[in-house]
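Here are a few exercises to work through with the model open in front of you. Try each task before reading its solution.

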Amino acid sequence: MEKKRLIYMDNAATSFPKPPQVMQAMVHFMEHVGANPGRSGHPLAREAGKIVDGARNSLARLFNADDPSRVCFTLNITGALNTVFLGYLNAGDHVVTTSMEHNSVMRPLVYLQEAGHISLDIVPCDRKGLLDMDALARLLRRDTRLVVLNHASNVCGTLQDVAAVKAVTGDIPLLLDAAQTAGCYPIDMKALGVDILTFTGHKGLLGPQGTGGFCVREGIDLKPLVRGGTGSMSEDLHQPDFMPDSMESGTQNNVGIAGLGAAVDFILGEGVENIRLHEEGLTRRLLDGIYDLQNVAIYGPLDPARQTATVSITFDSTLPEDSEGSLGCGAINLEWFGDNVSPGEAEDRLGSQYNIMVRVGLHCAPMAHRTIGTFPDGTVRLSMGYFNTFEDVDAAVQAIKRIAAA
Ligand SMILES: Cc1ncc(COP(=O)(O)O)c(C=O)c1O
């Protein structure tokens, strides 16, 4: 049998391919720069510093952050979230988050709660993954010090209305987990009132793995999680108190940051609105293609305007437990009594028969699956990116049809 063209639909895990500029910038750094920024005064160190600061500037521009020096790099968003939680929250603080969060938010917060450091409330979301605004308002307290919100679900793509959340939370600092939206959905920190934005470099930002960070607005003070050499104020045995140095001890992933800077410049060049438009079109094509399929349930808003280019499905003949008909699953034929195809089997068949790369299971977000009704088996997740084409989507629709009909 002729080997099918590879179709990568696992961009919510990490984007692939990357723009060629990303590799070129990384190779350039390795071949021609190589030095450690901020550590020495020679021309190569200065050039390395220029590249890293260039990446900071580009990210600040992309997110409309007020000060590029308040963009700090970490190895991924998990590092950024841990740095912020441990550097910002004091003993006794109250934190509010949502039932759609990734384990990168849930695990550190639950750890801090169980250690008796913070108290934590989790706002429920509906079966489409949308936040219950009334519950959010009810759960806020006078001692709430942080609200942590997943901008878009990595499970089913659901986008939260950040401006509406901010209208409810008011002056309480809002941390946005933009892992699934940075680079593929417009984010204006100032207009939205986002106080802390966390991002990972290797998904929608199209940069290399091992990059990420956070932008924090003036007025929010963070204690460093890691202390050590920064290249600045070497005479002082205390950590510098200015950003980004206070938050970036030790030699960073500068090769990766060079690649990330090139990736963000690529995004700024294309226009994040155009990237969003393309991804919205792909999502519409996929949803339209599978909406009426027998034996396939779709999760999430089922509306390209209200989700990212991530679509979760199961090959099911029955509605998920305790569903009421108004849930996000739109395309279920209850007269179909064929055997279900498990997510694992679907992944196998999509990969081996159709050369389509998807991810199945719980996607590190068990509470999100409880919310949408797919715990513990999870879903088959097709997550598209800027480099996917309509042809890719049509091939995925055909493959899903065949699997559903088998
Ligand atoms: C919403 C969300 N938050 C956090 C993460 C963690 O990302 P990383 O592994 O880059 O730290 C992911 C990754 O899937 C995610 O989707």
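A residue counts as near the ligand here if its C-beta atom, placed from the backbone, lies within 6 Å of it. Keep in mind that this is a predicted model.

**Exercise 1.** Find how many residues surround the ligand, and sort them by class.

*Solution.* Start with the count: 13 residues surround the ligand. Next, pick out the closest ones, which are Asn 76, Thr 78, His 102, Asn 154 and Ala 179. Then sort the shell by class: you get 9 polar, 3 nonpolar and 1 charged residues.

**Exercise 2.** Split the protein into its domains and describe the side of domain 1 that touches domain 2.

*Solution.* First, the bounds: domain 1 is made of 7–17 + 272–405, while domain 2 covers 20–270. Their C-alpha centres are 28 Å apart. Now the contact: domain 1 puts in 35 residues and domain 2 puts in 32 residues. On the domain 1 side, the elements giving two or more residues are α9 (272–290), β10 (310–314), α11 (366–372) and β13 (379–383). Of these, α9 supplies the largest share, 6 residues. By class, that side of domain 1 has 16 polar, 14 nonpolar and 5 charged residues.

**Exercise 3.** Place Asp 377 in the fold and decide: buried, partly exposed or exposed?

*Solution.* Locate Asp 377 first: it sits in the loop between α11 and β13. Leaving out residues up to four places away in sequence, Asp 377 touches Ser 342 and Pro 343. Now count neighbours: Asp 377 has 16 C-beta neighbours inside 10 Å, so it counts as partly exposed. Buried would take 20 or more, and exposed 12 or fewer.

Technical notes
Residues numbered from 1 in each chain as written. Predicted model: local features only at pLDDT ≥ 70, side-chain atom pairs only at ≥ 80, totals over all residues. Nonpolar A, V, L, I, M, F, W, Y, C, P; charged D, E, K, R; others polar. Domains from an automatic or database assignment. Contact = placed C-beta atoms within 7 Å. Helix = DSSP H or I, 4+ residues; strand = E, 2+ residues; numbered from the N terminus.
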